[in-house]
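Q: Please take a close look at the aromatic side chains and the buried nonpolar residues around them. Give the cut-offs as you go.

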Amino acid sequence: MCRLLRYCVSHSLYAAMARLEEVNRGVSLWMSIRYLGYLSTLNLLVAVCLGLYVRWERTAQPVLLVIFILGLFVLGMASIFYYYFSMERVSLCLFHLWLGFLLGLLCFLNGSSLDMDLKEQVTCYMLVASVLIRTLWALVERVCGCTRHRPALLKSAEALELTGFAVASTTQVAQDSMSLAVLALAVATLVTDLRMKSFLALPNLICFSVVTAVFFFKSLGVTTNPYALACFLSRLVCEPLLDIYFSGLSVTERWSPFLRRGGLWRRLTLLPLLAIEIAFLVLSAFKMGNLDQWYIVIPSFSASSIFWIICHVVFLVTLWGFHSKLSDCQRACVVHRAELGALDRVMASRGMRHFCLISKRLVFLSLLSTVILGALSWQPSSSLFISVLLLVLPLESLAHGLFYELGNCLGGTSVGYAVVIPTNYCSPDGQPTLLPPDQVQELNLRSTGMLNSVQRFFSHHMIETHGCDYSTSGLMLSTIQAKLCSFLEAHTADGPRFDTYVLFYSGHTHRTGEWALAGGDVLRLDEIVQLWREKNAGYCSRLVLILDTENSLPWVKEVRRVKDVYVAVQGAILSNSTDLEIQNAPQLGDFTSQWVDFNCNPDSCVRWAERGRTVMAAYGLSRHWGDYRLHLPTGNDVAKHWKMYFPRLTYPVVQLVHWCSSLNLFWLCGICLRCLRRFKLNWFPPAVLDTGQGFKLVRS
């Protein structure tokens, strides 16, 4: 009997699945996933209509019946616009605006008499089911790769639903309506915070949920439908929350709607921010009305408000300075006619990373002062104070997230210097021999092409050019030492040293790798390293040597014995050939051309690991290269930053931020990671090493 029953069940399931497969044959995966979204929306519409019907049935208010009929009419009009006139944008705008309004009514038109109503319970269950189905749809869509992530601070559907929710709040008294409107703005800021993947976005979401559920609606004094509220918030938060993991957009791509705005528009956004901050301070001052404990309230509020004001002066000045530097970067993009994705390289070359590393600490202190002032002036009975606090926190978290992300993702500043000395002599048997005139002309053409490649490399990676020297007669030792001293002493326009110094050389060398200079002089690697030690004393910059020479391998090996400084050598290995008549023999300049193409062209076909290459590459790193980190702001850098941007009154705050950030509580973990990096780079160097400046060192 059990076998028969099991056979019938399994056969029925097989037949049903086979039939379903026939029906869905030819239907794309994307459409199948979209059906889940349609089901969630349909479920939500039925729940809203049923909820409004229950409220009309209980209260017999004709307004609810009018709204219900008007809602059906708007839904019908949206369908007509969508299917008959192909006005999809207008249709979706009407739908989302009206949906937010109806959900808001469902939230606020609630009473204790509805708790035991069966239809109200069905409404609540359907709202929960709608949230679950929508979450499942969003998750499956992202797992299957059927969604396209596009940069946006706030989508139009989210803005329209929040607008409809704010309009529905007008059913309450004026003060409560204002509090709910501010709360809707706070939700919009929170959604933006999540979509931008701000560092403090998740703590903000938890804080918002707890404070709203425990304090805000209790301070309103109205009975709300928690299921409708949870459904409304979940619809808005679900996708940004999942995109924290699934979105593959880079930092500059996520922030591009803001970063690519004009300077005037960005500066105008400081006006509403200033108004919100002042409103928060004024509402916090109402705590002074509590005179029962005046000896505690007045001193604590006075101290915290003064600290808050100083911190937020720093906050606003920091934002103004950021907008100024960003406008400079935008102008540089226009001047250089850079492509769409070059803004991050321009910002890196203009020292934006250094600015953001200091600014994120200042903004975090401003955020901390807001938390302290909000805690000391906490007013659980004031819904307006709570809503403004919930708006201020994600706004300041957004600013902190912007500086935090840019400080971590942008490369450091870099400067480059190139020396090309084409030699008119060859040494196939160890004795210098003058080249024929036609080969001299070809060599000069190759050297000119090499200079063009180096200029392309510097321009593509926004490396500031310190100079490119080209000399057919050679350079004297004193001349090149003076030029190297000037190059290694270079500083950025803001004051700090560059993070990376790139030195390119192509010319005649001896078998041991020394540069052959005019007058029989030579320049050794240890002389360059010693000069670098002198010029870089007290700093943590790094030096990268790129050698397109016939004998660069000895320097690649020698640099591995260098200690205490960060030096790397990228060298060329040309296949040996003593026959000058072979046309396919590698020449000086071939390595530069291929290496620059590899680092500047994402679609480059250069494969350094393939066998049989005539032009190969090798790199060597100093022993402590793995310890290198991009330059972090020192006390001197912070002092220069303060003098450049801030009034004298704020100096104690800036120094306090620097002192707090200099505390390293995880020094033991840092030592272990440093040892592991050293071991990896010294014993198992990767075939392609990313320098963090946009270009890579390679070995064949």
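A: The account below goes from the aromatic pairs to the charges over rings, the nonpolar core, one helix and one strand residue.

This is a predicted model, in which local features need pLDDT of at least 70 and side-chain atom pairs count only at pLDDT 80 or more, while totals for chains, interfaces and linings use all residues. Residues are numbered from 1 along each chain as its sequence is written, and side-chain values use heavy atoms, with hydrogens and water left out.

Rings of Phe, Tyr and Trp (for Trp, the six-membered ring) pair if their centres lie within 6.5 Å; planes under 30 degrees apart count as stacked, over 60 as edge-to-face and the rest as tilted. By this rule there are 24 aromatic pairs. In one of them, Phe108 and Phe165 have ring centres 5.4 Å apart and planes at 55 degrees, so the pair is tilted. It links distant parts of the chain, with Phe108 in helix H4 (residues 88–108) and Phe165 in helix H6 (residues 156–168), 57 residues apart. Helices (H or I, at least four residues) and strands (E, at least two) are DSSP runs, numbered from the N terminus. Both Phe108 and Phe165 are buried; buried means under 20% relative accessible area, exposed over 50%, and partly exposed in between (1.4 Å probe, protein chains only).

The rings of Phe457 and Phe458 also form a tilted pair, because their centres are 5.9 Å apart and their planes are at 45 degrees. Phe457 counts as buried at 2% relative accessibility, and Phe458 at 1%. One aromatic cluster is formed by Phe215, Phe280, Trp308, Trp378 and Phe385.

Phe280 also appears in the largest nonpolar core, a set of 62 residues in which Leu102, Leu127 and Phe280 touch the most other members. Such a core consists of buried Ala, Val, Leu, Ile, Met, Phe, Trp, Tyr and Cys residues joined through side-chain atoms within 4.5 Å. Leaving aside residues up to four places away in sequence, Leu102 touches Val48, Leu52 and Ile67, where contact means heavy atoms within 4.5 Å.

Two arginines lie over tryptophan rings. The charged end of Arg261 sits over the ring of Trp265, 4.6 Å from its centre, and Arg267 lies over the face of Trp320 at 4.8 Å from the ring centre. The criterion is NZ of Lys or CZ of Arg within 6 Å of the ring centre and within 35 degrees of the ring normal.

In helix H20 (residues 525–535), Leu525, Ile528, Val529, Leu531 and Trp532 are buried. They cover an arc of only 160 degrees around the axis, which puts them on the same side of H20; the arc is that of the directions from the helix axis to the C-beta atoms.

Ser414 is in strand S1 (residues 414–421) and counts as buried at 5% relative accessibility.
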